[in-house]
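Dear colleague,

Please find below the structure that I am handing over to you. My findings follow directly after it.

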Amino acid sequence: MALPVEEWRLCVARRWAALEPTLRERLAAASLHDTLRLGCGLLRPDAEVVALRRLCRRAPAGKEPAAARFYREEGNRLFGRRQYGAAVRLYSQAASHELPGSPEVSVCFANRSAALFHLGRFEVCLEDIARAESHGYPDRLLPKVLLRKAECLLCLGRLQDAANTLSVVENKIAMDGIMTSAAHQTLLKKLSQLKTKIREKESCPEPAREACGDIQRKSEIWEENDSISGASSSLSLNFDIERGRHLVAIQDIHPGQNLLKEEAFVSVLCPGESVLLQDSDETAWDTRVTNADLYCHRCLVQLLASVPCHGCSYAKYCSQNCADVAWEQYHRTECSLGALLLTLGVFCHVALRTVLLAGFAEVSRLVEGSRDNDKDLHNPEARCERPNEAPDTRTGTRGIPGCNDNGQYQSSYQAVFNLLPHAEKHSPEHKFLCMLSVVAICKQLQEAGLEAAVLNRESSEKCSKPEICEKTSGELSPELKIMAEAMLRHVLQLQCNAQAITVMQESGSGDGAVVNKKPVRLATAFFPVLSLLNHSCCPNISVSFSGTAATVRASQPIPSGQEIFHCYGPHRCRMRVAERQQLLSQYFFKCRCQACLDELKSDVKSVVSMRNSFLCPSCRASMQVGEDVLCCSNEACAISVSRESLSHRLQDLQQQIKKALELLKDRKADQAIKMLLKCQTDAGNFLSPKHLLMGEMEDHLAQVYATLGKWQEAARHLKRSIEIVEVHHGPSSVEIGHELFKLAQILFNGFAVSEALSTIQRAEKILSVHCGPQSTQIQELQEMKTCLLELPRSILQRT
């Protein structure tokens, strides 16, 4: 959720409507500085503040011992059913709600270690055992956990460490005296068994195994640009009035070539869907898994056993180091604001974290410098229009906004600050919403005594006394007003400059032989160098992500002198030009890329319109495109059908497909197949054979047959899906690469060796261009290929 929750937006809209007309006019025309000056006192304690506090109660982020008990009991229940993966996530939820230092949190880590042991994740299991011990795990229960530790060490081949751990257990049992209970006798029996295993392994050591999956990775050629941090030397930063800042190739670039590697200046995890509590005294806890449970809140790596924040229940990390770094850099300030930030949305959260990472000194320098000229405040590139300050091509990038004094464009706060906020183009109502939201955050910081932390001071005592005396009750300090002004700028910038960090996430249970993945928005970030790329509905690059780092690669040949184009979302293969133009209006420009110009010509039909067309329900000829009514192209038929009725029919079909997938999720594969086949028949009566939905149904049928182990049927349907995807996206698109990856898995599992190898080769070629040779999918393809090539030659010849 980028923007605040709907209730807060409505509340602010009512406040805007109630303002005096003259004040609305002044706010509409004001600079960012004047917007804060005029609007800072408009957040009423008895109205908007009360409403915001009520909304925050629906997104609790504090510690809840009752919630911890609930999640721990749910975890125990699933552990008893041997659903160890789900149990791990619930124990993590329980640990995040326990009070730091309590014995209960150590029990959560110990329980989680048991589930991890059953999953064969011995290293992580050992980490959780260490956490349980360090958090004061009850002494009477310690022998059982230590035996698990010894067994992990034994499985990892660390025999001496395992033996030492067993000695500690023996000494502890001896100190506790003679034990006669059945539980203690079980411990002694387990101790004896492990000692025997250690002796057997010491006397008959296992032969050293070759490293599994140690596939040599291709090295990526990289020569960094002297003027643009993280960019290839094959690029140049240019500027003109029409296109603004942009990157251009200064030499021929081939597909797959690295163009840019950039670490996000700031990123904030998108929490994902969650159930908001209702306005009542009832308490409910959601066991659904969201991004907030699956990924580290700092580095965005996938979580297995999360380390919870000691102050809130929301933030979770992959390691104690990530937790400590996050705390020092920004989370000590954000921690108590969790519910407020969840209510006000990711854009406000990114804005706050941006100024915290930059530091007050740098924020203050740039904010105060931007006030020198109101024109520059609204358009930082306006100064480049003046002859005496225009970029000089003879001196490179000197003078281009965002560059430092040496003419270098770096991934820095200065570059972030100089991204265009388009303050004069946002609607006055939207600007007012952003302003009141930012003021609410800053007032909460001030009331919570966090102003010193925000200003990077050791204590509030260092704040100058005259300033404290001058401000009235509830008024923001001058320093916080500066931070608020910068935050407002960043919230407005994000509408045009926010970059979604995406990840290929498994859909479904993930326990099948064929892994079905789809791209999911993981986080929102500022990438100041990546933001230099202008939009095209037919881009010439692909962007992939690893954690918080973005890599840009050429997706097609780019000749010297051609601009580097990114796609901001509306691709020519996915929607018609009218839809693209409407969606792009949020960026305050009208797209004039070649794809749009070609499509806007009266004699050129949209690629999407031609392929995603309807058929005549009578003669099944194609229907001619119209606004409200579609006519059959067959003159002998000439049937007319309303677009609305066909759209409703399409929606009903999509609902049936959704129900079929629910049946598959409930392991009712036979019923799912019947429903999907019926959907195919219905779709064939009014959809073009190349309609993208026809391909999706083939893909779903392949998925169902794969779950049943019917590999030939699965491959047959997936090949049909690939044919349709290729028509829409092209033979070298990343979409085709993902489909070929699934086909390779099906052929691999179906033992179709020769066809699997050729499919792997084709998938590797495409995915290495878009995702790079080090991507997870490339590694999995290489592992499959290695496994197949190691088969005896006689088998290879037969298949």
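Of the 799 residues of the protein, 50% count as buried in this predicted model. Its secondary structure comprises 33 helices and 15 strands. Among the contacts with a separation of 6 or more, 65% are made by residues that are 24 or more positions apart.

I begin with strands 1 and 2. Strand 1 covers residues 235–240 and pairs with strand 2 in the antiparallel sense, over 6 bridges. The connection between strand 1 and strand 2 is a hairpin of 3 residues. Two of the partnerships may help you to find your place: Phe 239 has Arg 245 as its bridge partner in strand 2, and Asp 240 has Gly 244.

In a regular strand, side chains alternate between the two faces of the sheet. Strand 1 shows such an alternation: Leu 235, Leu 237 and Phe 239 point to one face and are buried, whereas Ser 236, Asn 238 and Asp 240 point to the other face and are not buried. For strand 2, residues 244–249, the result is that 6 of the 6 residues are buried, so this strand is largely enclosed by the rest of the structure.

The next item is a sheet elsewhere in the chain. It is an open sheet of 3 strands, in the order 3-11-10, and its pairing is antiparallel. Strand 3 (258–263) and strand 10 (541–546) stand at the edges with a single partner strand each, so one side of each has no neighbour in the sheet. On average, and with direction ignored, neighbouring strands of this sheet are turned by 15 degrees against each other.

Strand 10 and strand 11 (residues 549–554) run antiparallel and are joined by 6 bridges. Within this pair, Ser 546 stands opposite Ala 549 of strand 11. Helix 31, residues 753–771, packs on the sheet and touches both strand 10 and strand 11. The direction of helix 31 makes about 120 degrees with that of strand 11.

One stretch of the chain carries an annotation. The unreviewed UniProt entry assigns "domain: MYND-type" to residues 296–335. In the model, the C-alpha atoms at the ends of residues 296–335 are 15 Å apart, and the span is 38% helix and 10% strand.

I also examined the internal space. How many cavities of 30 Å³ or more does a search of the whole structure find? The search finds 7. The largest cavity holds about 130 Å³ of space. It is lined by 15 residues, of which Tyr 314, His 331, Glu 334, His 349 and Arg 353 are the closest to its centre. The elements that give two or more residues to this lining are strand 4 (266–269), helix 13 (320–334), helix 14 (338–344) and helix 15 (346–358). Helix 14 gives the most, with 3 residues.

Two residues deserve a note on their backbone angles. Arg 82 is not a glycine, yet it has a positive phi of about 65 degrees. Arg 82 sits in the loop between helix 5 (65–80) and helix 6 (84–97). With a relative accessible area of 67%, Arg 82 is exposed, the cut-off for that term being over 50%.

The second residue is His 422, also a residue other than glycine, whose phi is positive and near 50 degrees. His 422 lies in the loop between helix 18 (413–417) and helix 19 (428–447). Is His 422 buried or exposed? Its relative accessibility is 13%, so His 422 counts as buried, a term that applies under 20%.

Finally, I draw your attention to Val 168, which belongs to helix 10, residues 159–176. Val 168 has a relative accessible area of 45% and is therefore partly exposed. Its C-alpha atom is separated by 8.7 Å from that of Pro 143, a residue 25 positions away along the chain.

Yours sincerely

How values were computed:
Residues are numbered from 1 along each chain as its sequence is written. This is a predicted model: local features need pLDDT of at least 70, side-chain atom pairs count only at pLDDT 80 or more; totals for chains, interfaces and linings use all residues. Side-chain values use heavy atoms; hydrogens and water are left out. Buried means under 20% relative accessible area, exposed over 50%, partly exposed in between (1.4 Å probe, protein chains only). Helices (H or I, at least four residues) and strands (E, at least two) are DSSP runs, numbered from the N terminus. Two strands pair if DSSP finds at least two bridges between them. Axes are lines fitted to C-alpha atoms, for helices over the stretch in contact, and angles run from 0 to 180 degrees between N-to-C directions. Contact means heavy atoms within 4.5 Å. UniProt positions are given in the numbering used here, feature names are shortened, and annotations may be inferred rather than shown by experiment. On a 1 Å grid over the protein atoms alone, a cavity is a set of points where a 1.4 Å probe fits but cannot get out, and a pocket is an open set with protein on both sides within 12 Å along at least five of seven lines; lining residues have an atom within 4 Å of a point. Grid points are joined across faces, edges and corners, and a volume is the space filled by probe spheres set on the points.
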